[in-house]
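This report covers the pockets and cavities of one protein chain, then turns to a single residue. Please keep the structure in view while reading.

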Amino acid sequence: MQIRVVSDQPWSVSADVLAIPILTDDPGAPDSSTLGEIDRRLEGAIADYRRIGEVAGAPFRRVLLRGRELGAPWVLAVGAGAVAGFDALAAYRVAASIERRLAGHPVTRLAIWLPASLWTRTGLSADDLAMLVARGVAEGAYDPATLYRSGYDEAPPELDELVLVAPGADVASLQAAAERGATIGEGARIARDLANRASNDVSPDVLADAATDLARANGLSIDVIGPDRATEMGMGLFMAVGRGSDNPPRLIVLRNGTDGARDAQGRLLALVGKGVTFDSGGISIKPADRMEEMKMDKTGACTVIAAIVTAKRLAPDLPLLALAPAVENMPGPHSTRPGDIVRALNGKSVEVQNTDAEGRLILGDALTYAERLGATHLVDVATLTGAVERAFGKQITGAFGTPQPWFDAVVAAGARQGERYWQIPLVDDYVRDMESWYADFQNSGPADGSLVKSGLFLREFVTRPWVHMDIGGTGYLRRAVPWAPRGASGVTHATLVQLALDGASGA
Ligand code: BES
Ligand code: MN
Ligand code: ZN
């Protein structure tokens, strides 16, 4: 998808479709006069449709109109809500919903008008608006139904050209920002595509191969650690989960930059993602209901693999690490049993009280290993608990972190990209509940406060600034929404990329 930012008036732009955001409140000068001129050329259709409530600004209400005297034969009026509520998340979602509304239509050139009110009367800069809109369109084109379904023709169109129409804006600056946004959106598609694939298709080994291909194509170095090396190195938690399956575990380690390299803020950031290619629960087997969703338990891994690729494309010299422990959690004659005691890479002994609390085991060793590789700051992403969805649902990610300034830096990177987090406290009182009589601690405890306890467990494996994002709720959707199809949402990818870029000078 080529991107072209122009400062022309919307009616003079040639494209297959011109999308125009409609606010519930009057956009004010100069946008109301621009909208007035568009409507004059539409023979008053917008005013007519507004009168019966069809084009009145309600978020994600999208109406396709004939273009009449415009450079585009079709106009897509898209509700964008009130200007006061228009933030980074709204910009991303409105853009993605524009692209998704065109599903099944032969559109290759899409123009989107960016009214000045969206950057002068909101908290957004024009650059960030352009970035988020381009990202939304790039991501909005993704449809997992194309993965395995034959003859599926309802996918959103793959565009040749996206034209951002921003009268009065600094075209060169918006162009760069929009290109950055599109690259981030394309990266999220890599994550979503891997995560949506079925567990019989993506084993730990296949995930490692996919990471290897991406590493080669993008100039990243990669190390894939199999069971023999992992055992020899002492990764007892990683192996405790990985040993139960015929599909051998793989610890995928991606790297950009040489040993000892640091970013402009003196950091070496490591992104660590949970890669359980299928989570049956192991011997502590899950109920059958919704077990098929556990193919999504690799989403964190897919996200960090995609994020380091995206960061590399945008900042080729930025030092960065990504670690994806990939395992299949299965019951069988080689599986870890409840009550088994294993030793972590950091030397701590762990009683596996519940083999279904497997994510924290593989992440524990991966976090330790990330620090050994020189990481100064860590962020892990994991579909770690069902509890996080019960608490926060599918629209906001629960997260932990320490120390507070690092947590705040991660949340700020997310806010800039329209991704939301809610901080869950690491309540020390509950550490006692994780104690084991036989080992240093156990991997699960009494159900009360289990979400907090999942964070406390991971904290045992970090000694540096660290944030844990639990995407058990937000990682995938069970139903389509206007801005995304069912399946992997790509959530946290943009935050991670933004956070990494914050460590490059500029961006
Ligand atoms: N992968 C699951 C968490 C999950 C469940 C994510 C449903 C998304 C939807 C994780 O490995 C798990 O099984 N967690 C247990 C932890 C418990 C055994 C302490 C859970 O949440 O029930
Ligand atoms: Mn589990
Ligand atoms: Zn799991």
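Ala, Val, Leu, Ile, Met, Phe, Trp, Tyr, Cys and Pro count here as nonpolar; Asp, Glu, Lys and Arg count as charged; the others, Gly among them, count as polar. By those classes, the lining of the second largest pocket holds ten nonpolar, two polar and nine charged residues. The model is predicted.

**The second largest pocket**

This pocket has a volume of about 510 Å³. Its lining counts 21 residues, and Pro144, Asn196, Lys295, Arg486 and Gly487 are the closest to the centre. Helix 6 (145–148) and strand 19 (476–477) each supply at least two lining residues. Helix 6 gives the most, with three. Where does the second largest pocket lie relative to domain 1 and domain 2? Domain 1 (2–183) and domain 2 (197–501) both give residues to its lining, so the pocket lies between them.

**The largest pocket**

The largest pocket has a volume of about 920 Å³. It is lined by 33 residues; closest to its centre are Lys286, Asp356, Thr385, Gly386 and Ala387. Three elements give two or more residues to this lining: helix 12 (359–372), helix 13 (387–392) and helix 15 (450–459). Helix 13 contributes the most, with three residues. By class, the lining of the largest pocket divides into ten nonpolar, nine polar and 14 charged residues.

**Cavities**

The count comes to five cavities of 30 Å³ or more. The largest cavity has 21 lining residues, with Arg93, Gln395, Trp483, Ser489 and Val491 nearest its centre. Helix 3 (88–101) and helix 5 (126–140) each supply at least two residues of that lining. Helix 3 gives the most, with three residues. Both domains take part: domain 1 (2–183) and domain 2 (197–501) each provide at least three residues to the lining of the largest cavity.

The second largest cavity is lined by 13 residues. Nearest its centre lie Ala240, Val241, Asn329, Thr336 and Thr355.

The table sets out the two cavities.

| Cavity | Volume | Nonpolar lining residues | Polar lining residues | Charged lining residues |
|---|---|---|---|---|
| Largest cavity | about 300 Å³ | eight | six | seven |
| Second largest cavity | about 80 Å³ | six | six | one |

**Asn354**

Now to the single residue. Asn354 sits in the loop between strand 13 (349–352) and helix 12. Helix 12 is also one of the elements that give two or more residues to the lining of the largest pocket. Is Asn354 buried, partly exposed or exposed? Its relative accessible area is 27%. Buried means under 20% and exposed means over 50%, with partly exposed in between. Asn354 is therefore partly exposed.

Which residues does Asn354 touch, leaving aside those up to four places away in sequence? They are Ser284, Asn443 and Ser444. With Ser284 there is also a polar contact, from side chain to side chain, at 3.3 Å. Gln9 gives a long-range reference point. Asn354 and Gln9 are 345 residues apart along the chain. Their C-alpha atoms are separated by 62 Å.

Conventions: Residues are numbered from 1 along each chain as its sequence is written. Chains are lettered from A and ligands numbered from 1 in the order in which they are written. This is a predicted model: local features need pLDDT of at least 70, side-chain atom pairs count only at pLDDT 80 or more; totals for chains, interfaces and linings use all residues. Side-chain values use heavy atoms; hydrogens and water are left out. On a 1 Å grid over the protein atoms alone, a cavity is a set of points where a 1.4 Å probe fits but cannot get out, and a pocket is an open set with protein on both sides within 12 Å along at least five of seven lines; lining residues have an atom within 4 Å of a point. Grid points are joined across faces, edges and corners, and a volume is the space filled by probe spheres set on the points. Helices (H or I, at least four residues) and strands (E, at least two) are DSSP runs, numbered from the N terminus. Domain bounds come from an automatic or database domain assignment. Buried means under 20% relative accessible area, exposed over 50%, partly exposed in between (1.4 Å probe, protein chains only). Contact means heavy atoms within 4.5 Å. A polar contact is a pair of N or O atoms within 3.5 Å; within protein, one must be able to donate a hydrogen and the other to accept it, and residues adjacent in sequence count only if both atoms are side-chain atoms.
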